[in-house]
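Q: I am new to this structure. Could you take me through how to read its features, one at a time?

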Amino acid sequence: MTISSLDLDAKLGLYRSQVELRQFEKRAYDLFLENYVKGTSHLSLGQEAIAAGFAAAMREDDYTFATYRGHAHTLARGVPMTGVLAELMGRTNGLMAGKGGSMHLTSVEHGVMGSYAIIGAHLPIACGAAWSAQYRGSGQVAVCFFGDGTTNIGAFHEALNFAAIWKLPVVFVCENNLWMEYTRTSEITAVEHPAADRASAYGLESIIVDGNDVDAVFEVAKKAIDRARAGEGPSMIEAKTYRQAGHSRADPGKYRPDEEVAEWLAKDPIPMYHARLLAEGATEAQLSEIDRAVAAMVDLATEEAKAGETPGADLLMKDVWADGGSAWRN
Amino acid sequence: MAQLTFREAIARGIAQEMRRDESVLMIGEDIGAAGGVFKGTVGLFEEFGGIRVRDTPISEQAILGAAMGAAMTGLRPIAEIMFSDFFAVCWDIVVNEIAKSRYMTNGQMTFPLVIRSGNGGGLRFGAQHSQSVENWAMQVPGLKVVVPSNALDVIGLMAAAVRDPDPVIFLEAKALYATKMEVPDGEIVDTLGSAKVVRKGSSATIVTIGAMVPRSLAAAEELAAQGIDCTVVDVRSLIPLDTQTILREVSATGRLFTVEENPRVLGWGAEISSIVAEELFYDLDGPIVRITTPHIPLPAADALEDMAIPSVSRIVEEISRSMNG
Ligand SMILES: Cc1ncc(C[n+]2csc(CCOP(=O)(O)OP(=O)(O)O)c2C)c(N)n1
């Protein structure tokens, strides 16, 4: 286990962040079953430590690039729950007034530069934001999250080479939850560690971290982000974790062996961290107060999101172009 | 005034904008010291240096992804895709990412970027280096599509494209790179979405773009000798489309011919024909005729390629047949 440089207050913050993501995702799932959340959603249940650890290591103006499994990464950057939940529900008080949906959460004012649903596409885009930061000398870093299955698409490889040759301030984070959709990634990948074993091909260090240990994630994130900010170029981190729920929607995930699920539930990042904090001097009362406060927060966000309006025709033809409209002819 | 080739005009247009605005950068394969495979960026590397004019690996997705990420964070990148056929390997970034993201994010992001590319046939390069893809781009909501036909327009439309807050696909007809014209000195800035009437006639209206403009003009001269006096409209930008000029010029003559380099099915002329049919039906004196490349991949042999792409003689023949029919 990594010795963390964080003090107890900061760790309570990491605990709270993970609890927020967990309770939010559970609520999103319930609302999906109740048909408030339509279409699809991809939950990060079990993977919260990665989002929480990285967000805590980022500067306020750093950039997040996420996938369709992006609720957690969006919330972790401080985006209000109501906006995210309302977006899932297709309401005007959603982050994008319902025009993006669960898979495309974006909040530029929080540095969340989009959630992308074409596998691998956002790795080159994150390079672009990093290139821009490098050119402008802004010191910003782009952090780009993706799954293990994503390491087999061409854009992944183009982006890594591109980031390496231009020494871009970008950190690639592979959340290796063992499964792509319904296929085990090891069965369709030439190497054991889908990201880490590819790193050397691009002159990068091979870095693997326990993605269920938020302290460890924070440390490795901070190191890579500091490095990028110092102009020392990109890093790629493979965080081992597990998707506790199915791939999307109401997928029960039956293709996974029961023992595997049980093994990873026993490594659930939140109870593990709860126990660690007690051992490090936090009190049960402090932690349950956090649980309770977050539950109230999720309830309030649910109410506010449900109270949002259904988008009207005014939004339909808006914002194709920068002038706010959609005219393609005179 | 200076004699300028189409390819020199590209570099001049880009240089004009790079001098004016430090946020304008240029990336692509072999575009730096080498000056581009079509020599469209000669001199830029020397003037602006390797940071602003930067060579990339053969990674079209990375090139366009980088342009998108840079545009969403305050820069104005110009990216080159060497041959427009290569859009097929990075079309996801263009269609799913760049074109949709402003709409999907409810206007949170803007993408002031230009993607320039060598387009179309005439160079005997064969099917994978010769296609006209303007209709691919035109079909995607969220993209502006510019197709200049001469050096002066290249400079002015490039400036307009760079200054435009939206993504612009800038298609350069490879067959025109060597063409020359007199171009005035000083800053040149044009507007997107403005068609130009490049010949005024009374019998019929030819609507065309890019490399088909000089051919249509030459055809119009031959037709004039036969007593068929044609207006020629250079559309210049397919999106935004200057429908007003097209409708005005078609209603003035009562006949519409489109001359298109793209393969026939769903070429841009089909959209213009449909607009004219809907809005001008009772002003038409005869059928709308589309003169296009047949619906085939382009062959390499010069003899075959010349048969495929509308030539001056084919334009003359088809218009004459229809006008006398
Ligand atoms: C180009 C492309 N191919 C296929 C899909 C369908 N798809 C959506 S998610 C997914 C699995 C991705 O797995 P991974 O990268 O491991 O991410 P995870 O879902 O586990 O977070 C697939 C195949 C897609 N969205 N884009």
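A: Start with the ligand: one of its oxygen atoms is 3.1 Å from an N or O atom in the side chain of A:Asp148. The model is predicted.

Q: Which side chain has an N or O atom 2.7 Å from an oxygen atom of the ligand?
A: That side chain belongs to A:Thr150. The backbone takes part too: an N or O atom of the main chain of A:Ile119 lies 3.1 Å from a nitrogen atom of the ligand.

Q: How much of the ligand does the protein bury?
A: Begin with the ligand taken alone, which exposes 580 Å². The protein buries 76% of that area.

Q: In which pocket does the ligand sit?
A: The ligand sits in the second largest pocket.

Q: How many residues surround the ligand, and which are the closest?
A: The ligand is surrounded by 15 residues. The closest are A:Tyr68, A:Arg69, A:Ala117, A:Gly149 and A:Thr150. A:Thr150 is also the residue with the 2.7 Å side-chain contact described above.

Q: What classes of residue make up the shell around the ligand?
A: Sorted by class, the shell holds seven nonpolar, five polar and three charged residues.

Q: Now the salt bridges. How many are there over all chains?
A: A pair counts if a side-chain nitrogen of Lys or Arg is within 4 Å of a carboxyl oxygen of Asp or Glu. By this rule there are 38 over all chains. One of them joins the side chains of A:Glu260 and A:Arg184, with 2.7 Å from N to O.

Q: Why does the pair A:Glu260 and A:Arg184 tie together parts that are apart in sequence?
A: Look at where each residue lies. A:Glu260 is in helix α9 (residues 258–265) of chain A, while A:Arg184 is in the loop between β4 (170–176) and α7 (196–199) of chain A, so the pair links parts 76 residues apart in sequence.

Q: What should I look for in the backbone?
A: Most peptide bonds are trans, and most residues other than glycine have a negative phi. In chain B, a cis peptide bond joins B:Ile239 and B:Pro240, with omega about -10°. B:Pro240 lies in the loop between β12 (237–239) and α8 (243–253) of chain B.

Q: What is the phi of B:Asp30, and where is B:Asp30 found?
A: Phi of B:Asp30 is near 60°, a positive value in a residue other than glycine. B:Asp30 is in the loop between β2 (24–28) and α2 (44–52) of chain B.

Technical notes. Residues numbered from 1 in each chain as written. Chains lettered and ligands numbered in written order. Predicted model: local features only at pLDDT ≥ 70, side-chain atom pairs only at ≥ 80, totals over all residues. Heavy atoms only, no water. Near = heavy atom within 4 Å. Polar contact = N/O pair within 3.5 Å; in protein donor to acceptor, adjacent residues only side chain to side chain. Areas by Shrake-Rupley, 256 points an atom, 1.4 Å probe, with all protein chains shown as cover. 1 Å grid on protein atoms, 1.4 Å probe; cavity = no way out; pocket = protein on both sides within 12 Å on 5 of 7 lines; lining within 4 Å. Sits in = over half its atoms within 2 Å of the grid points. Nonpolar A, V, L, I, M, F, W, Y, C, P; charged D, E, K, R; others polar. Helix = DSSP H or I, 4+ residues; strand = E, 2+ residues; numbered from the N terminus.
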